[in-house]
Amino acid sequence: MNATQERWGSRRAFILAVTGAAVGLGNIWRFPYITGENGGAAFLLLYVAFVLLLGLPVMMAEILVGRAGRRSPMQSLGYLATQAGASRHWRWLGLFGAFTVFCILSFYSVVSGWFIEFFVASVNGNFVGLGAAEVAAGFETFLADPRRMTFTHTLFLFMTMTVVAAGVSKGLERLNNLLMPLLYLLLLLLAGYAATTEGFGPALVWLFRPDFAAVTPLVFVHAMGHAFFTLAVGACALMAYGAYMPERQSLPHAVGAVAVLDVGVALLAGIAIFSVVFTQGMDPAEGPGLMFVTLPIAFAELPWGALWLSLFFLLLLLATWTSSINLAEPMVANLQGRGMGRGRAAAAVGISVWVMGLLSVFSFSYLAEWRPLFNMTAFDLITTIPTEIFLPLGGLLIAVFAAWIMPQELAKAALGTGETGFRLWQVVVRWISIPLVVLVLVAGLV
Ligand code: TRP
């Protein structure tokens with residue numbers, strides 16, 4: 001297939017699209033609970049270090065492959081490999097990425113469905129006057145009800161696949177434009193309120209004063225996986241977006257802006273959530289339910305709390321929507337690249353992800369006792385293995401491809417900087433990012 005002519009409407013639109021992909025569950029749901037489970041500040045520090053040393057350079061690698069190929073991930077990889085006289089088998093990396101996002105989207109849609117549930121509950125005023133224990137109990141009851149959860153999972157996936165079927169670059173731009181400023185505003189409000197509570201001081205200490213005693217090699221693996229997840233890197237999903245990147249734009253500038261926005265959202269959410277945790281004497285290591293049992297309580301204290309809470313869940317829903325659209329894109333683009341119509345491709349992807357998602361849904365009810373591996377439920381496994389192993393592995397291969405295999409002239413052009421910028425990127429990827437991923441994976445897993 002020939003190179004695509006489709007482009008994002010402007011440079012700003014590209015940055016917004018990538019930010020939309022990056023900001024999602026990772027920042028507001030996964031970041032707080034995984035930080036809580038891994039001891040706070042030391043984990044945060046590792047995660048930020050990985051964003052800088054791995055996330056950003058590999059993100060550039062991934063996007064530049066798409067930009068240089070201007071095709072679906074599989075085709076871009078195959079095409080660029082051929083140009084360099086390397087094996088066409090590199091295109092299977094695109095398939096591996098598609099498999100990774102398939103796994104991720106399956107639980108992503110289920111958890112985003114929880115946002116729908118909480119949004120509706122909040123609009124109905126169901127949280128008004130509830131204490132911490134009651135909110136937690138309500139959440140448990142919801143988890144144990146597979147029918148309600150299947151319903152919200154279905155609805156969310158349907159919303160996602162409808163937009164994907166229509167072609168990504170159109171509907172998304174306007175949505176992102178509105179969403180990010182509003183989300184920031186609400187998070188600032190929430191963090192500002194948190195500063196007036198007694199848990200604020202302990203929350204800051206917990207988040208920013210590292211205690212390295214608790215850091216094991218496995219904590220490195222968690223932090224690395226999270227850096228990839230939150231930046232949406234390692235599964236060829238941003239590669240798919242890179243194919244539509246405008247001609248004149250510097251990749252490092254775009255990617256730097258995205259990372260700042262992304263980490264900012266996570267920090268604000270973390271401050272707000274941990275302030276509640278310490279004010280209420282809750283357990284930071286509460287797990288995946290953490291934001292669901294803290295946020296209703298935080299908002300309940302504010303004037304018009306139910307209104308703010310509803311608005312907040314609505315914004316979160318939009319944020320996860322733009323992320324899940326990105327998660328679906330590489331699968332749909334690959335199928336489309338093989339000659340399938342976009343609508344049919346979206347339907348096929350939607351149905352398979354829906355079925356896989358049931359595994360996550362049932363993990364809290366019928367399959368609650370099923371521990372196939374490492375004494376973890378199906379939900380724990382699917383939220384851990386693809387993120388912490390597949391993404392770093394995919395990112396590693398993408399980095400090797402971009403910095404060693406593909407024609408370096410094309411890589412330079414696609415990075416969109418001068419010679420010095422390109423050399424710097426190349427050195428960092430070759431001698432820092434690539435060895436670091438290998439080191440962390442080997443040390444953590446062996
Ligand atoms: N970054 C998103 C989040 O933090 C999730 C996401 C979107 C993602 N697209 C991706 C993760 C591609 C891995 C690969 O919620």
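**Close-up views of the enclosed ligand**

**View 1. The lining of the largest cavity in this predicted model.** The lining residues of the largest cavity comprise 14 nonpolar and five polar residues, with no charged residue among them. The structure holds one cavity of 30 Å³ or more. The volume of the largest cavity is about 150 Å³. In total 19 residues line the largest cavity, and those closest to its centre are Ala21, Ile104, Phe229, Ala232 and Leu327. Helices H1, H2, H5, H10 and H14 each give two or more residues to this lining.

**View 2. The ligand and the shell of residues around it.** The ligand takes up the space of the largest cavity. It is surrounded by 16 residues, of which Leu25, Gly26, Tyr108, Phe229 and Asn326 are the closest. The shell around the ligand divides into 10 nonpolar and six polar residues, and no charged residue belongs to it. At least two shell residues come from each of helix H1 (11–22), helix H2 (25–37), helix H5 (92–123), helix H10 (217–231) and helix H14 (305–337).

**View 3. Backbone atoms beside the nitrogen and oxygen atoms of the ligand.** A nitrogen atom of the ligand lies 3.0 Å from a backbone N or O atom of Ala22. A polar backbone atom of Leu25 is 2.9 Å from an oxygen atom of the ligand. For Gly26, a polar backbone atom is 2.8 Å from an oxygen atom of the ligand. On its own, the ligand has 370 Å² of accessible area, and the protein covers 100% of this area.

Conventions. Residues numbered from 1 in each chain as written. Predicted model: local features only at pLDDT ≥ 70, side-chain atom pairs only at ≥ 80, totals over all residues. Heavy atoms only, no water. Near = heavy atom within 4 Å. Polar contact = N/O pair within 3.5 Å; in protein donor to acceptor, adjacent residues only side chain to side chain. Areas by Shrake-Rupley, 256 points an atom, 1.4 Å probe, with all protein chains shown as cover. 1 Å grid on protein atoms, 1.4 Å probe; cavity = no way out; pocket = protein on both sides within 12 Å on 5 of 7 lines; lining within 4 Å. Sits in = over half its atoms within 2 Å of the grid points. Helix = DSSP H or I, 4+ residues; strand = E, 2+ residues; numbered from the N terminus. Nonpolar A, V, L, I, M, F, W, Y, C, P; charged D, E, K, R; others polar. Points joined across faces, edges and corners; volume = space filled by probe spheres on them.
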